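Here are a few exercises to work through with the model open in your viewer. Try each task before you read its solution.

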Amino acid sequence: MAPKKATTAKAAKPKKATSGRAATTASAANRRAARDQDVPPGTPSSQPPAPSEPVDPREPLPPKADQRGPDPLSPTGRAAGASAASVAQTGPYLTTAQGARLYDSDHSLKAGARGPVLIQDHHLREKITHFDHERIPERVVHARGAAAHGVFTGYGTAAKVTRAAFLAKGVETPVFVRFSTVLGSRGSADSVRDTRGFATKFYTSEGTFDLVGNNIPVFFIQDAVKFPDIIHAGKPHPDREIPQAQSAHDTFWDFVSLHTEATHHTLWNMSDRGIPRSYRMMEGFGVHTFRLVNGKGASTLVKFHWKPRLGVHSLVWEEAQITAGMDPDFHRRDLADAIEAGAFPQWELGIQTFPDTPDQTFEGIDLLDPTKIVPEELAAVQPIGLMTLNANPQNYFAETEQVAFHPGHLVPGIDVTDDPLLAGRLFSYLDTQISRLGGPNFGQIPVNRPHAPVNDMLRDGMHQTAVHTGVAPYRPNSLDGGCPFLAGADTAAFVEVPVELPAAQKERAAPESFDDHFGQPRQFWLSMTPVEREHIVAAYTFELSKCSEQTIRERVLAVLANVDSELCAQVAAGLGLPAPAATEPLARVEPSPALSQIGGTWPLDGRVVGIVAGPDSDVKGVAAARKAVLAAGMTPLVIAPTGGALGTGKASVAVQRTFATARSTEFDALLLAGAPGPAADADGARDAKSGRGKGGRSKVARRPAADPRLLLLVSETFRHAKAIGGWDGAAALLDEAGVPTDAAGIVDAANPASATKSLAALLAEHRVWDRFPAA
């Protein structure tokens with residue numbers, strides 16, 4: 001057999017060897033041709049230089065005849081042009097990083113089975129070294145994120161204000177979007193109260209454009225020089241490294257009560273906006289004012305908005321707290337599951353437009369102040385394109401973790417303004433990527449690579465993967481044929497808008513227009529419905545109750561007094577403190593209904609409906625309910641005493657959750673197929689949620705007819721103002737859970753189809769808002 005193996009091995013090689021010899025032969029022929037043309041070795045360029053600087057644009061010169069770069073292969077050895085799915089792991093055998101096949105990866109190379117490990121074990125060292133460096137430094141902020149691929153289609157409605165090619169009518173541009181929390185580490189929970197990042201990378205034909213925003217349209221500070229301060233204040237205390245991913249502590253409230261410019265953002269964060277229901281139901285904002293330029297060179301000031309097709313919805317606070325323990329990955333799971341199920345999230349990109357006047361103000365609002373908004377009633381949001389997220393990443397680290405955004409990644413037709421916070425971000429984002437991703441070549445990581453030609457003359461540096469040719473990475477040059485050439489405005493060059501600057505002295509100051517810190521927070525408060533105001537009061541009360549220092553609580557109340565006396569009085573009452581009087585006149589402002597999340601109806605795509613059933617439930621009815629939920633574009637999850645299936649044969653229905661694993665926070669609504677009795681594991685210490693551990697029976701007057709965990713599930717769902725429907729005796733379960741069958745949002749139907757239809761109508765409003773008591 002040995003000769004056959006040898007013969008086979010030899011037979012597998014000729015193709016590669018022949019290819020290499022052919023390349024060598026061709027190179028030799030080129031060298032002979034060069035000698036025939038009397039070109040001596042050492043000539044730096046593949047073509048003779050012109051007497052003067054070349055001015056006619058042309059492609060880069062080819063390499064010299066004696067030069068050849070590495071074969072165009074993927075990082076794992078696949079040829080260029082292979083499908084995206086096949087350029088990661090390649091081949092059936094475990095190999096070293098250099099492709100040598102391994103016969104053992106369970107044992108170190110030792111001097112005898114019990115002897116010391118030998119330093120010559122190159123596989124051990126490679127495997128451990130790579131593992132040691134498997135993690136990169138996490139982001140200082142926005143460390144915990146989730147992402148998705150998608151496509152953006154321009155409407156063409158922005159043509160009057162910008163020449164950006166990707167906004168033209170019908171142009172489709174690939175995008176990669178990363179959502180994130182701000183304060184927490186990578187290991188924190190998704191459902192914490194925090195600002196969310198909403199960063200979009202557009203791979204346009206003119207270069208990469210990054211729109212790096214948040215789900216809140218204003219920021220805590222007006223100048224980037226204070227960014228380290230607000231983040232240091234919001235992060236865990238440096239002595240104990242607690243609390244994680246929270247603003248409910250002394251250092252945060254100490255800072256924002258002393259820097260009252262933070263009041264507007266803080267109020268948004270204490271509202272329901274601080275705890276989104278889903279990334280799919282989250283608004284996005286560019287925060288800053290940008291400048292758009294059209295084909296004639298005329299400029300317009302704009303603010304960017306992302307409007308979710310599903311509407312803007314949130315969790316309630318208790319729901320968020322339970323979720324953090326039950327499923328800390330709640331938001332990333334929701335996004336990935338929705339995409340996998342085909343419920344592709346969509347957002348319209350819109351702009352508010354303002355004249356580009358020398359003072360850069362609109363209706364008395366300073367457009368350079370990042371703590372201010374322009375109410376939509378004053379400047380409507382004009383839709384300019386639609387984004388659809390339609391694919392999940394293949395690898396979290398390679399894509400979601402390594403994606404690098406930068407507000408300075410701009411394209412022709414989009415420019416920045418003099419917003420002092422934006423100016424600092426233009427430096428900080430680039431600087432942090434260099435540190436976090438190991439050098440200046442982070443743009444060469446696949447997820448960061450532009451989809452447009454790149455000829456930047458930037459060379460070398462750590463992790464350089466491009467094998468550059470030519471000898472003249474400078475300009476002007478003649479040795480590389482003058483390439484690369486400068487483009488003009490007529491060839492889609494990025495040209496900064498020429499803005500005339502007023503005569504001014506150099507100083508560290510802010511304009512007087514930045515001084516109003518309470519007018520817009522008051523407008524936000526007055527724009528909220530009674531239910532939303534109750535949630536804001538509860539959030540302030542909870543957060544300030546976590547502060548140890550009485551002085552800080554009193555200082556925050558003094559700030560709230562200048563926003564609204566009722567808001568201040570309600571929070572003060574919750575803290576057991578007197579409400580201070582305002583120290584300046586309350587602003588006279590008009591409410592902005594667009595700021596409220598409540599009102600209107602929305603699509604149901606991807607909503608999660610729990611269908612509760614037991615062994616005695618009508619399986620056909622459960623199947624019918626499941627089918628109706630799917631037909632409405634929602635996701636049904638069947639909840640039963642145990643896993644497996646309900647029923648037998650073709651009529652059986654698969655079970656996705658059990659009484660032990662289901663919790664109200666996972667579902668947007670419930671359907672009850674009757675009133676299932678207790679499961680076998682409802683007693684004893686196996687599941688504390690059953691409330692029937694040792695000694696439990698003496699506290700219960702009678703054994704409940706329903707499983708105790710279903711009573712918890714139903715009561716929580718009701719308490720969180722979610723719709724509940726049922727049939728076939730479900731009223732008995734509602735009654736035992738203490739839920740009035742005549743309450744708002746409770747449907748006692750004759751059959752599954754009727755229950756599902758009524759439930760869908762209620763879900764379109766997100767919650768049964770009438771169920772919340774409001775002062």
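A quick reminder before we start: this is a predicted model.

**Exercise 1. Is Phe209 buried or exposed, and how does its ring sit against that of Phe202?**

Start with Phe209: its relative accessible area is 1%, and buried means under 20%, so Phe209 is buried. Next, take its partner: Phe202 comes out at 0% relative accessibility, so Phe202 counts as buried too.

Now for the rings. A pair of aromatic rings is described by the distance of the centres and the angle of the planes. For Phe202 and Phe209 the centres are 5.5 Å apart and the planes meet at 25°. Planes under 30 degrees apart count as stacked, so this pair is stacked.

**Exercise 2. Work out where Phe202 sits in the sheet pairing.**

First, look across to strand 4, where Phe209 stands opposite Phe202. Strand 3 and strand 4 (residues 207–214) run antiparallel to each other, with eight bridges, and a hairpin of two residues joins them.

Then turn to the other neighbour. Strand 2 also pairs with strand 3 in the antiparallel sense, over seven bridges, and Phe202 is the bridge partner of Val175.

Finally, check the burial of strand 3 (residues 196–204). Nine of its nine residues are buried, so the strand is largely enclosed by the rest of the structure. Both faces are covered: Phe202 shares one side with Arg196, Phe198, Thr200 and Thr204, while Gly197, Ala199, Lys201 and Tyr203 are on the other.

**Exercise 3. Classify the ring pair Phe179 and Trp347, and say which strands it ties together.**

There are 24 aromatic pairs in the structure. In this one, the ring centres lie 5.6 Å apart with the planes at 35°, so the pair is tilted. Phe179 belongs to strand 2 (residues 172–181) and Trp347 to strand 8 (residues 346–355), so the contact ties together parts 168 residues apart in sequence. Phe179 is buried at 0% relative accessibility, and Trp347 is buried with a relative accessible area of 0%.

To finish, zoom out: one aromatic cluster includes Phe179, Trp347, Phe202 and Phe209.

**Exercise 4. Describe the largest cavity: how much space, and which residues are closest to its centre?**

The largest cavity holds about 180 Å³ of space. Of its 20 lining residues, Pro217, Phe285, His305, Gln352 and Ile373 are the closest to the centre. By type, the lining divides into 10 nonpolar, five polar and five charged residues. Strand 7 (residues 299–308) gives the most to the lining, with three residues.

Terms used. Residues numbered from 1 in each chain as written. Predicted model: local features only at pLDDT ≥ 70, side-chain atom pairs only at ≥ 80, totals over all residues. Heavy atoms only, no water. 1 Å grid on protein atoms, 1.4 Å probe; cavity = no way out; pocket = protein on both sides within 12 Å on 5 of 7 lines; lining within 4 Å. Points joined across faces, edges and corners; volume = space filled by probe spheres on them. Helix = DSSP H or I, 4+ residues; strand = E, 2+ residues; numbered from the N terminus. Nonpolar A, V, L, I, M, F, W, Y, C, P; charged D, E, K, R; others polar. Phe/Tyr/Trp six-rings, centres within 6.5 Å; stacked < 30°, edge-to-face > 60°. Buried < 20%, exposed > 50% of the residue type's maximum accessible area, 1.4 Å probe, protein only. Pairing = 2+ DSSP bridges.
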